[in-house]
Amino acid sequence: MRPIAYLFLAFVGLIGISCRDNKPVVTAKTSGVVTQSTVSKPAFAKPIVAKPIPPKQTLPTSVDTLKYDDIIDLTPPPPKREFRAVWIATIDNLDWPTKKGLPVANQQREILAMFDQHQEIGLNAVVVQIRSAADAFYAKSSEPWSEWLTGQQGLAPEPFYDPLDFMIEQAHKRGLEFHAWFNLDRATFSKTSSVAPTNIIYRKPEWMLTYGGRKLFNLGVPAVRSYIAGVVANVVREYDVDGIHFDDYFYPYAEPGQTLRDDSTYRAYSNGIKNKGDWRRDNVNRLVAELRDSIRANKAWVKFGISPFGIWKNQANDPEGSATNGGQSYYDIYADTRKWIRDGLIDYIVPQVYFSSEFGRAPYKTLVDWWTRNCTSSTCQLYIGHGAYRVGRGSDRDPGWWRATEFPNQMRYNRQQKAVSGSVFFSARNLKANPLAINDSLKTNFYRHLALVPTMPWLDSLPPLPPRDLKLIRTPDGIELSWQQSAEALDGDGANGYLVYRFEGLRPLIRLDDPRHIVAKCVGQSTTHYVDKTADPQKKYIYAVTALDQLQNESREVTVKFSETAR
């Protein structure tokens with residue numbers, strides 16, 4: 001009977017095993033006391049041990065390359081916020097238009113080709129010179145039309161159009177910020193320049209200084225400073241610019257054998273300042289403050305930036321200066337650039353560090369390090385100005401520019417510095433020429449992934465509200481997303497555009513800080529749909545859409561899932 005009983009128990013055990021979930025058997029630990037059976041087992045009858053039946057495997061109907069939350073790309077993401085811009089100079093037809101008096105259609109075609117190229121490279125801003133020498137590349141101005149636009153100062157384009165309106169609209173369509181660049185010291189460019197009868201030199205000759213063959217504004221006269229601030233305020237009021245930008249021309253760089261004759265102005269407006277150099281610096285500081293105030297009074301969200309010469313002071317002149325031996329903006333053009341940062345007068349600064357890493361008198365890294373130590377204000381961002389025009393044009397004094405590694409090494413060094421928030425390249429025609437393949441380096445490497453411009457919370461810290469009613473359908477063209485416009489935020493701002501992110505897998509980690517997941521930037525508040533033509537319909541995705549306001553603050557995301565069953 002015992003063998004029969006053993007067989008019966010083994011049969012019951014086999015049934016129990018085949019009906020259970022395929023889970024590991026957990027055995028309870030005993031109290032440590034071992035007990036032995038008093039009944040001996042017969043030698044001829046061994047219990048039958050049943051083997052678990054392996055579960056039937058089924059293949060998934062879709063391919064999931066990222067199935068679990070803990071599968072994450074561990075490579076550091078590229079920066080999501082970075083200012084990426086180029087200077088477009090109009091003085092003497094340096095960049096645009098390529099020559100005086102081009103037909104309007106050609107002017108427009110040239111600037112659109114530039115903007116297209118800049119968008120393709122991965123830039124997110126353009127800095128366009130709209131006032132070169134007391135003139136205007138825009139219609140709503142009290143100053144005459146520029147000779148470098150039409151060939152004669154004061155002559156309007158024919159057929160008529162407003163170049164500034166046109167450029168702003170086209171830049172914004174391409175997701176590019178537009179910063180209007182002004183020269184503030186020149187009233188004429190040369191002795192052979194075309195000068196209209198309405199030029200300020202005829203209307204206000206007492207405001208002028210003659211130096212280096214040019215007429216220059218006398219910045220020591222309070223009315224001159226107010227006039228320049230008024231010119232800027234007019235553009236801020238009349239045009240949808242994102243920023244106002246000034247270069248390094250304040251007082252002129254020294255000309256051999258010449259003297260800037262402003263002694264009478266100093267006597268009249270010294271304000272008790274005993275040193276003439278200090279007085280000139282005070283004039284520039286007052287102008288910068290007046291410019292800042294005029295911008296804020298008209299549109300508080302418009303950014304204000306200046307691009308000075310790269311050296312503030314050398315250590316030989318001031319222990320707090322840089323370990324360099326070159327020209328100094330503090331002494332040479334009377335620009336106390338560090339003071340503007342410390343006093344909160346500007347929103348960004350772009351020192352022109354146009355030197356290679358091998359230039360002994362002012363090595364690139366030495367200057368960048370100085371600026372990172374001195375641009376620590378929470379209300380001023382540091383971008384570096386790069387001399388793209390020097391790439392491939394080395395010399396015995398500065399041999400680094402012969403090397404194809406110099407430019408990309410500068411870009412890498414910038415990104416290693418937390419204080420550096422972007423780059424601006426001089427100038428557009430040099431980017432177009434692509435010396436030593438710098439364009440390709442930007443497009444395929446440094447700027448391969450989209451980046452937003454850095455936020456400026458001291459101008460606007462309130463993000464927009466997210467888009468509404470996000471939906472997804474599968475179409476023959478791809479996966480189509482649509483949503484409703486964001487409602488107005490508490491500050492009255494609506495959306496200025498939208499970002500579309502795509503995350504692959506069943507349960508992917510939603511990382512909005514990684515721009516590699518951005519598949520589209522939809523420009524304009526009414527652009528409320530996107531077709532993803534690169535998605536694999538056999539995969540699973542989660543899409544996230546966020547809203548952007550004018551200063552590129554980003555809302556929280558709304559999400560929707562896609563799988564192969566979506567219709």
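With a relative accessibility of 10%, V104 counts as buried, and that makes a handy place to start. The model here is a predicted one, so take what follows as a reading of that prediction. V104 sits in helix α2. Leaving aside residues up to four places away in sequence, V104 touches P157, E158, P159 and Y161. One of those partners, P157, is 53 residues away along the chain, yet the C-alpha atoms of V104 and P157 are separated by 6.9 Å.

That pairing brings us to the chain as a whole. Among contacts with a separation of 6 or more, 72% are made by residues 24 or more positions apart. The protein chain contains 14 helices and 17 strands. Of its 567 residues, 51% are buried. The chain exposes about 27,700 Å², and carbon and sulfur atoms supply 53% of that area.

Now for a stretch of chain around helix α14. This helix spans residues 438-446, and its buried residues are I438, N439, S441, L442 and F446. Looking down the axis of α14, you would find these buried residues within an arc of 165 degrees, so they line one face of the helix. There is a general bit of helix geometry to keep in mind: an α-helix has 3.6 residues a turn, so residues three or four places apart point the same way. What packs over the buried residues of α14? The cover includes the strands β1 (83-88) and β10 (420-425), along with the helices α2 (104-121), α12 (406-416) and α13 (428-433). Helix α2 is the one that holds V104, so our starting helix turns up again here as part of the cover on α14.

Helix α12 is worth a visit in its own right. Its buried residues are E406, F407, P408, Q410, M411, Y413 and N414. What covers them includes α11 (364-374), β9 (381-386), β10 and α14. Helix α14 therefore appears in the cover of α12, just as α12 appears in the cover of α14. Strand β10 is listed for both helices.

The loops around these elements hold some backbone geometry you may want to check. W96 and P97 are joined by a cis peptide bond, with omega at about -20 degrees. P97 lies in the loop between β1 and α2, two of the elements that help cover α14. A cis peptide bond also joins F426 and S427, where omega is about -5 degrees. S427 belongs to the loop between β10 and α13. Further along, in the loop between α13 and α14, comes L436. L436 is not a glycine, but its phi is positive, about 50 degrees. Is L436 buried, exposed or partly exposed? Its relative accessible area is 39%, which means it is partly exposed.

Q552 gives us another positive phi, near 65 degrees, in a residue other than glycine. This residue is in the loop between β16 (541-548) and β17 (558-562). At 8% relative accessibility, Q552 counts as buried, whereas L436 is partly exposed.

On to a strand: R468 is in β11, which covers residues 468-475. R468 has a relative accessible area of 45%, so it is partly exposed. Not counting residues up to four places away in sequence, R468 touches W483, Q484, Q485, S486 and A487. Between R468 and S486, 18 residues apart along the chain, the C-alpha separation is 6.2 Å.

Finally, the empty space. The largest pocket holds about 930 Å³ of space. It is lined by 43 residues, and the closest to its centre are D248, Y249, Y253, Q352 and Y389. By class, the lining of this pocket has 20 nonpolar, 10 polar and 13 charged residues.

Then there are the closed spaces. How many cavities of 30 Å³ or more does the structure hold? There are three, and the largest cavity has a volume of about 40 Å³. Its lining is made up of A133, D135, E147, W148, Q153, A187, T188, F189, S193, S194 and V195. Those lining residues divide into five nonpolar, four polar and two charged.

Methods. Residues numbered from 1 in each chain as written. Predicted model: local features only at pLDDT ≥ 70, side-chain atom pairs only at ≥ 80, totals over all residues. Heavy atoms only, no water. 1 Å grid on protein atoms, 1.4 Å probe; cavity = no way out; pocket = protein on both sides within 12 Å on 5 of 7 lines; lining within 4 Å. Points joined across faces, edges and corners; volume = space filled by probe spheres on them. Nonpolar A, V, L, I, M, F, W, Y, C, P; charged D, E, K, R; others polar. Buried < 20%, exposed > 50% of the residue type's maximum accessible area, 1.4 Å probe, protein only. Helix = DSSP H or I, 4+ residues; strand = E, 2+ residues; numbered from the N terminus. Arc of directions from axis to C-beta. Contact = heavy atoms within 4.5 Å. Areas by Shrake-Rupley, 256 points an atom, 1.4 Å probe, with all protein chains shown as cover.
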